[in-house]
Amino acid sequence: MKKLIIAVGLLAPTMLFGQLDRSIRPQAGPAPQINIEDSEVFTMDNGMTVILSENHKLPRVTFSLVMGAAPSAEGKLAGLAEIAGSLIMSGTENHTKDQLDQEIDYIGASLSADENSMYLSCLTKHMDKGLSLMQDVLIYANFPEDEVDRILKSNESALISAKADAGTMKNNAQAVANFPASHPYGEVMTEESLSAITRESIVQYFRSEFTPVGSYIVIVGDIDRTQAEAAVNKYFASWNGAQPHKAKMPEANQNTGNRVIFVNKNGAVQSVISVTFPMDITPSHPDYLKLKVLNGILGGGVFGNRLMQNLREDKAYTYGCRSSYNVTEYGSWFEAGGNFRNEVTDSSITEILYELERITEEYVTDEELAMTKASMAGGFARSLESPSTVAQFALAIIRYKLPKDYYQTYLKQLSAVTKEDLLLVAQKYLKPNKANIIVVGNEEILGKLTQFDSDGKIEKMDAFGRTMIDREKAGITAEELFKKHSEAVAMGTSGKKLTKKLKKIKSQVVTTEMQVPQMPQAMVVTNAWAADGREGMKMEIPGMMVVQKEYFDGTAGGSMNMQEGASTLTADEIAARKKSQGLIPELNYETSGMQYELLGIETRDGKKYYVVKLNDGESETYDYYDVNTFYKVESTVIVENNGESREITRTFGKFTEHNGLMLADEVNLNIGGMVLKGEVKERIFNEDFDLNDFK
Amino acid sequence: MKQFIITGLLVSISFAGLSQKKIEFVEYDLPNGIHVILHEEHATPIVAVSVLYHVGSKNENPDKTGFAHFFEHLLFEGSTNIDRGEYSDLVENNGGTLNANTSQDRTFYYEILPSNQLELGIWLESERMLHAKVDNEGIETQRSVVKEEKRQRVDNQPYGTFFQEIFANVFTEHPYKWQPIGSMEHLDAAVEADYVNFYRTFYVPANATLSIAGDINIEQTKKWIETYFASIPKGEAINMYRDFETMEDSSFETKYGIAKSTLDAKNFMKPTDKKAAAVVTKYANTPVDIPRTKKATEQLTEVKKVVVYDNIQLPGLFMAYRLPEATNEDMFALQMMSDVLSGGSSSRINKSLVERQQLAQFAFAFSYGLEDAGLGIFAAIASKDITLDAIQKAFDAEIALIQKDLISEEEFQKIRNQYENDFISSNASVAGIAENLADNHVYNGGANKVNTELSKFMSVTREDIQRVAKKYLTQDARVIIEFLPKEEEGSGK
């Protein structure tokens, strides 16, 4: 065989000696044959299917164990699978988490798990040790209370940050738009469902999901059939469990026309757009490969794809516009979109729909097709160096009942795809007239979106895909709200009495401890305020670093932070600062030049809030006041800098009396998705401070 | 119970032997001096094409530092036959990926492509070697990119200058005294001619190793190499060819005494004109003078303490010991010693300084072996209210301990396991193999060292580790750099 190859090489056309035109670019040779060894398959008495793919290139072996159960809707416990998955490696009855880590390190292996799989990679000679640890986790994972608490807490923070993350908001709306609530893909984890998840439900999930019946173990690497059989018998034969969950998946949602879904994000300067729809296709369907090529040309694959060319290169509406597909056994969908400037939101939707329509009406060009195929072929070939890709392929062949040589002939199948195929596939799966058009953005653009909705009625959703009720009229004026608020803070005092009460407070220094995710040490924030107009703020990790400092002496000020260094306040910043001075800034809005607008009453999670929009000339702020107590419970400030917007949300709680005022002793910060939970540790009144501490 | 498992494991490992498999390759020199290394394996239908140029920051003129790294950027700008910005498109649109990196000793470029695009990869690298675009437009673009890179990686990074401080204080003469990123002033001050000269000196066949690994047919690969690389003119003839492409007719004729019309780009080495043939031959037989550095001779003879004030909150301690060059036999034991001290979270320094005594936020040690010299570096960022003296004492205690007592059998075995695993993983990809082969050829005395390196590590004994710790961690001859917060400058602290 080898000799034959060499002979072919010799016959290749040789060039005239020394003559070389370097401007002629070499052409690709014929698509290479993919050398994926045929895998062997056998079953075990406990219901496991073993898939073995030998590869003796390196003395390594990987074991990927994948459960056979279909995902199931979790209803009130939405989010359970993900949380349980992230806890599997937290310890067993025989090993603490530290001991597990240490023993895995000792043999230089890696062992990981998620909601329905487990993966071991090690040198073949350490296989026994590795498998004994894998077996230990599989059978004896014990979900220690403290780890469960830690993971639940970190998910609480993740949900808070989701409210500020347009991408997550889009994903949530998309899930609800494409699938019914009874479908596992139509579920969204909320604060309510998270709080219903207990250690018991996690253990229960693990016991019913991780069962040998219907599971697959894919072994790839330097191991032969005899060794593989011995290994699985030794470590997995004693593993027993119930029948896996098998549910009939509900149908995906079907639209009769385009449906616009809007998710409000206060003060957004960009819209996140997704044009999305479910597709009736599974990974084993022969159209799947054609769909991949189609998507490569439309908006996946190389940089020159149509969406990128049109919306970025030609129109400059965005930094990136892409399309992608998710195809699974249980439900599949398509999405196209990206982030777009507010003012071009409608034009962008028009162009995305145009590209979707165009590709369902005309053939793609030969050049597009060739370039996308070449790029896909290369990516496919490079992916094969990773044993986990090979394991996935071996599993897909068994699981989706693909032809045995599906991946060996993948490149040939790819090269056989024609533009005629692509037109048929586009017409079959793309639905530019029955799409869900999801927009997360500023409500200012809402009016421009009606044109895209087939019945002219835009649906509104909150950050978690729940139906949003339109804001009600406030019934009071902004000035009345500010008055009610200041009275509430002053515990009923108003008018001159309130002025007198406030005059007695010359200064306040507040110390707040904030918990930073993934950091053992709390951050300490000191806020100083004096009646003479001085203000200071310092954020530090005591003894380690000062993250940020700010000061204002009434007329001038400056700030210092770790990334950007020191800077002084500009005239505009000083003017803005002067618009919200005082212990109760609402008292001064009418005279300070602050622009304000009472937008109405918003209902969130069954609770009602007045929403006020402020503009001090530098930034926009959205303040939320409880309709019953009139306390300010939330404030989101949006800072725009060189066309990029950053937002910081503070939520207030635990209102407690201090010096005759009801003040929030709990302050949580959400800075661009990072959530810091804060508790006021100390308030010192009427003791002067040195502003130099904040310089 | 736990004790039992670990003992059992030790026994099984010591009898298991090494897992390494031999890496086969062929190697040869082209007449123009390019060293070629080919490794054939068909596990995956991809190929890695790499060229290692034996030029790093140590080859720079002291007034023109940063050139080697700058070229790493510049040489993606294109060539006579490749438009600006097209180089990476050609790779990516054909399903490949590419990158490059620069150190004190080398500049390394590579592409990973589907194996049916091997000829494209060979052509691309030959274009880079023969006639890359070295002109003002590219220089301007890349200057701003490199400046941004320096801002991000050095200037705005707390303690970001520690490497610079260490090298500048250990090496007073040898060009290791400056860093690969170099001086932005030097880059700004340099003119197009300076850049062109650097290209003409170091980017020549005799300074290059072409290493290709993956799904290749050796005979066919050799043919393509013959076509694209062997055709690159030898010796100074390459620079004559570059002049032929870029110079005006008259200046070319003045310089070489023959008219451009007597030469043919497609057949440059064999002109039909006899006079032209003689000139080309003369230049081909004149080797390019590639300046080489010598082994560093500086030895530390005393404790040299330096204080640096930086934009930091916590003080940092950085210590350096002088180690031998990378090829010295002692480097095997020295590297293992560093890993006993600092390899991973269960290592001695982390357990002692960070976890148990809580003196430092981070602390680590590593051995740095270069072509002309080596350094053993210890570094720590102090915890709150901890002085650098306390850290120094803790480091010294660890050093005293590893000099006084043999490391435990269990520590020894863990290090050996980690080396074996890391070593095998480094040869898991064809790109890794191409790089290891080229590196071993240029710096370690032969490409085949790739097959013997692990056994060198495995023959290191606990006694060797103790011996090198005593020999090289010289407490009376080292550099100690203290990083202190700027606020403390002038306060006498």
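Student: What is the mean pLDDT of chain B, and how much of the chain reaches 70 or more?

Tutor: Good place to start, since this is a predicted model. Chain B has a mean pLDDT of 90, with 95% of its residues at 70 or more. The start of the chain is another story: over residues 1-16 of chain B the pLDDT is below 50, and this stretch has 15 contacts in the model beyond near neighbours in sequence.

Student: And what does chain A average?

Tutor: Chain A averages 89, and 96% of its residues score at least 70. Go element by element and you'll find the lowest mean pLDDT, 32, in helix 1 of chain A, while helix 16 (residues 419-429) of chain A has the highest, 98. Residues 1-17 of chain A have a pLDDT below 50, with eleven contacts beyond near neighbours in sequence.

Student: Which scores does the predictor give the complex?

Tutor: An ipTM of 0.82 and a pTM of 0.76.

Student: Okay, now the interface. How much area do chain A and chain B bury between them?

Tutor: The general idea first: an interface's size is often given as the accessible area lost when the parts come together. Here the two chains bury about 5,400 Å², and 56% of that is on carbon and sulfur atoms. On the chain A side, Arg22(A), Arg25(A) and Tyr106(A) lose the most area to chain B, together 17% of what that side buries. Counting residues instead, 57 of chain A are in contact with 69 of chain B.

Student: How many residue pairs are in polar contact across the interface?

Tutor: There are 16 such pairs, with both residues at pLDDT 80 or more.

Student: Which elements of chain A supply at least two residues to the side that touches chain B?

Tutor: Look for helix 1 (2-11), helix 3 (97-106), helix 13 (366-383) and strand 16 (545-552) of chain A. Helix 13 of chain A gives the largest share, seven residues. Sorted by class, that side of chain A has 28 nonpolar, 16 polar and 13 charged residues.

Student: What about salt bridges? How many does the rule find across the interface?

Tutor: Side chains of opposite charge can pair when their charged atoms come close. Across this interface there are five salt bridges. Try finding Lys125(A) with Glu420(B), whose closest N and O atoms are 2.7 Å apart. Over all chains, the whole structure has 67.

Student: Which residue of chain A does Glu40(A) meet in a salt bridge?

Tutor: Arg225(A), at 2.8 Å from N to O. This pair links distant parts of the chain: Glu40(A) sits in strand 1 of chain A and Arg225(A) in helix 9 (residues 225-236) of chain A, 185 residues apart.

Student: Since you mention strand 1 of chain A, do strands 1 and 2 of chain A run parallel or antiparallel?

Tutor: Antiparallel: four bridges join strand 1 (residues 40-43) to strand 2 (residues 49-54) of chain A. One bridge pairs Thr43(A) with Thr49(A). The hairpin has five residues between the strands, and Gly47(A) takes a positive phi near 100 degrees.

Student: Where else can I practise on a hairpin, and what is its turn like?

Tutor: Go to strand 16 and strand 17 of chain A, a hairpin with four residues between the strands, where Gly554(A) in the turn has a positive phi of about 105 degrees. These strands pair antiparallel over five bridges, and Phe552(A) has Gly557(A) as its bridge partner. Strand 17 of chain A also pairs antiparallel with strand 18 (residues 565-568) of chain A, over four bridges. There, Gly558(A) stands opposite Thr568(A).

Definitions and conventions:
Residues are numbered from 1 along each chain as its sequence is written. Chains are lettered from A and ligands numbered from 1 in the order in which they are written. Side-chain values use heavy atoms; hydrogens and water are left out. Contact means heavy atoms within 4.5 Å. Buried area is the accessible area (1.4 Å probe) that two parts lose on being put together, summed over both. A salt bridge is a side-chain nitrogen of Lys or Arg within 4 Å of a carboxyl oxygen of Asp or Glu. A polar contact is a pair of N or O atoms within 3.5 Å; within protein, one must be able to donate a hydrogen and the other to accept it, and residues adjacent in sequence count only if both atoms are side-chain atoms. Ala, Val, Leu, Ile, Met, Phe, Trp, Tyr, Cys and Pro count as nonpolar, Asp, Glu, Lys and Arg as charged, and the others, Gly among them, as polar. Two strands pair if DSSP finds at least two bridges between them. pLDDT is the predictor's confidence in each residue, from 0 to 100.
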